[in-house]
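Colleague: I should like to understand the reasoning behind the labels used for this structure. May I put some questions to you in turn?

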Amino acid sequence: MKKRVTFFALGLAALIAAGAARAADIPGPIVKAAPVALPWNWTGSYVGIQGGGGWGRASQTDATPFDTGWYKLSGGLVGVTWGYNWQVSNAVIGFESDAAWSNIRGSTAALGVFNGPCGGATPRCEAELQYFGTARLRLGYAMGRWLPFVTGGM
């Protein structure tokens with residue numbers, strides 16, 4: 001029994017020693033440096049959706065002294081935005097445009113004025129913004145993932 005235990009212990013020791021051995025002609029593990037992170041770049045196109053609401057005031061008048069006075073408008077809007085940016089060094093130039101459908105509207109009774117700005121059998125003035133779009137240019141200064149910019153257009 002002692003012989004078996006001894007052979008087993010020697011065999012186990014040989015396996016442990018063989019696992020740790022290394023030949024002189026086999027290279028060790030190669031350690032590589034971490035990849036360098038590329039700087040953030042704002043060049044490229046984009047598309048997005050927009051949604052929101054609007055409110056305001058409207059009035060209707062005509063050449064005669066008829067005037068509806070101010071009345072309120074409000075409603076929602078939804079649309080699409082698209083654009084493109086070019087980055088040169090830290091300067092970013094680009095353009096952006098959007099188009100939106102809206103349901104911003106309001107109305108008022110014309111207080112019985114038959115021939116005023118809201119004439120008719122049942123005088124009523126209405127204002128409605130059905131859709132709109134904008135276009136603008138951008139000039140910015142890139143600071144990594146932060147892009148302060150100025151924009152202007154119509």
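**Overall arrangement**

Modeller: Along the sequence, the elements of the protein chain come in the order α-β-β-β-β-β. That amounts to 1 helix and 5 strands. Please keep in mind that this is a predicted model.

Colleague: What share of the residues of the protein chain counts as buried?

Modeller: The share is 21% of the 154 residues. A residue earns that label with under 20% relative accessible area. The protein chain exposes about 11,900 Å², and carbon and sulfur atoms supply 66% of this area.

Colleague: What percentage of the contacts between residues at least 6 apart in sequence join residues at least 24 apart?

Modeller: The figure is 57% for the protein chain.

**Buried and exposed residues**

Colleague: Why is Val-47 called exposed?

Modeller: The cut-off for exposed is over 50% relative accessible area. Val-47 has 67%, and therefore it is exposed. Its place is in strand β1, which covers residues 44–58.

Colleague: How do you know whether Thr-81 is buried or exposed?

Modeller: Buried requires a value under 20%. The relative accessible area of Thr-81 is 14%, so Thr-81 is buried. This residue belongs to strand β2. Leaving aside residues up to four places away in sequence, Thr-81 touches several residues, among them Tyr-46, Val-47, Gly-48 and Glu-96.

Colleague: What makes the pair of Thr-81 and Gln-50 a polar contact?

Modeller: The limit for the N or O atoms is 3.5 Å. The side chains of Thr-81 and Gln-50 make their contact at 3.3 Å, and the pair is accordingly given that name.

Colleague: What is noted about phi of Ser-89?

Modeller: The angle is near 60°, a positive value in a residue other than glycine. Ser-89 sits in the loop between β2 and β3. With 64% relative accessibility, Ser-89 is counted as exposed, because the label applies over 50%.

**The nonpolar patch**

Colleague: Which residues make the nonpolar surface patch?

Modeller: The patch is made by Val-47, Val-80, Trp-82, Trp-86, Ile-93, Phe-95, Leu-137, Leu-139 and Val-150, and covers about 870 Å². Members of such a patch must have over 30% relative accessible area. Val-47, at 67%, passes that test. Trp-86 does so at 40%, and Phe-95 at 35%.

Colleague: Which strand gives the most to the nonpolar patch?

Modeller: It is β2, with 3 residues. At least two residues come from each of β2 (71–88), β3 (91–109) and β4 (124–141).

**Aromatic pairs**

Colleague: How many aromatic pairs are counted?

Modeller: The count is 3. One of them joins Trp-86 and Phe-95, whose centres are 6.2 Å apart, with 45° between the planes.

Colleague: Why is the pair of Trp-86 and Phe-95 called tilted?

Modeller: Centres must lie within 6.5 Å, and planes under 30 degrees apart count as stacked, over 60 as edge-to-face, and the rest as tilted. The 6.2 Å between Trp-86 and Phe-95 meets the distance limit, and their 45° falls into the remaining class, tilted. Ring pairs also link Tyr-84, Trp-86 and Phe-95 into a cluster.

**Salt bridges**

Colleague: How do you know that Arg-136 and Glu-96 form a salt bridge?

Modeller: The nitrogen and the carboxyl oxygen must come within 4 Å. For Arg-136 and Glu-96 the closest N and O atoms are 2.7 Å apart, and the pair qualifies. Arg-136 is in strand β4 and Glu-96 in strand β3, so this bridge ties together parts that are 40 residues apart in sequence. Both residues, Arg-136 and Glu-96, are buried.

Colleague: What distance separates the closest N and O atoms of Arg-136 and Asp-98?

Modeller: They are 2.9 Å apart, and this pair too is a salt bridge. Asp-98 lies in strand β3 and Arg-136 in strand β4, so parts that are 38 residues apart in sequence are tied together. Like Arg-136, Asp-98 is buried.

Colleague: Are the partners Glu-128 and Arg-105 buried, exposed or partly exposed?

Modeller: Partly exposed lies between 20% and 50%. Glu-128, at 42%, is partly exposed, and so is Arg-105, at 43%. Salt bridges that share partners join Glu-96, Asp-98, Arg-136 and Arg-138 into one network.

Key. Residues numbered from 1 in each chain as written. Predicted model: local features only at pLDDT ≥ 70, side-chain atom pairs only at ≥ 80, totals over all residues. Heavy atoms only, no water. Helix = DSSP H or I, 4+ residues; strand = E, 2+ residues; numbered from the N terminus. Buried < 20%, exposed > 50% of the residue type's maximum accessible area, 1.4 Å probe, protein only. Contact = heavy atoms within 4.5 Å. Areas by Shrake-Rupley, 256 points an atom, 1.4 Å probe, with all protein chains shown as cover. Patch = residues over 30% accessible without salt bridge, like charges linked within 9 Å, V, L, I, M, F, W, Y side chains within 5 Å. Salt bridge = Lys/Arg side-chain N within 4 Å of Asp/Glu carboxyl O. Polar contact = N/O pair within 3.5 Å; in protein donor to acceptor, adjacent residues only side chain to side chain. Phe/Tyr/Trp six-rings, centres within 6.5 Å; stacked < 30°, edge-to-face > 60°.
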